[in-house]
Amino acid sequence: MNPLVALHLALLTLHDRTRSGLAARRQQLLQQEREAGLSTLEITIIALGLFLIAGIAVAVLTGATQGRLDRIR
């Protein structure tokens, strides 16, 4: 086989593999970006839920404290 033909075939193979590898990497990056958006939304929802729970806890403790102070007076 002619060395130039062998070299050409090797370069074509490397080019094809590089191209498919880059396409796969691009798909992975797009998938990660989509997942990052979802995880940010999830973190926001969790944070809001924790603030709501903290607000309810403050309201309950304030009510209990006021009730106890009213009984003491």
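## Burial and overall form

Of the 73 residues in the chain, 0% are buried. The model is predicted. A residue counts as buried when its relative accessible area is under 20%.

The secondary structure consists of one helix and zero strands. Helix H1 covers residues 3-72. Along its principal axes, the C-alpha trace spans about 105 × 15 × 10 Å. The radius of gyration of the chain is 31 Å, whereas a compact globule of 73 residues would have a value near 11 Å.

## Surface and charge

The chain has an accessible surface of about 6700 Å². Carbon and sulfur atoms account for 68% of that surface.

The chain carries 8 positive and 5 negative charges. The mean position of the positive charges and the mean position of the negative charges lie 4 Å apart.

## Leu 4 and the nonpolar patch

Leu 4 is placed in helix H1. Is this residue buried or exposed? Leu 4 has a relative accessible area of 62%, so this residue is exposed; the cut-off for that class is over 50%.

Leu 4 also belongs to a nonpolar surface patch of about 430 Å². The other residues that make the patch are Leu 7, Leu 11 and Leu 14. Residues of a patch must have over 30% relative accessible area, and the 62% of Leu 4 meets that condition.

## Leu 48 and its distance to Leu 30

Leu 48 is another residue placed in helix H1. Its relative accessibility is 55%, and therefore Leu 48 counts as exposed.

How far apart are Leu 48 and Leu 30 in sequence and in space? In sequence, 18 residues separate Leu 48 from Leu 30. In space, the distance between Leu 48 and Leu 30 is 28 Å, taken from C-alpha to C-alpha.

Key
Residues numbered from 1 in each chain as written. Predicted model: local features only at pLDDT ≥ 70, side-chain atom pairs only at ≥ 80, totals over all residues. Heavy atoms only, no water. Patch = residues over 30% accessible without salt bridge, like charges linked within 9 Å, V, L, I, M, F, W, Y side chains within 5 Å. Areas by Shrake-Rupley, 256 points an atom, 1.4 Å probe, with all protein chains shown as cover. Salt bridge = Lys/Arg side-chain N within 4 Å of Asp/Glu carboxyl O. Helix = DSSP H or I, 4+ residues; strand = E, 2+ residues; numbered from the N terminus. Buried < 20%, exposed > 50% of the residue type's maximum accessible area, 1.4 Å probe, protein only. Rg over C-alpha atoms; globule rule 2.2 N^0.38 Å. Lys, Arg positive; Asp, Glu negative; His and termini not counted. Charge placed at Lys NZ, Arg CZ, Asp CG, Glu CD.
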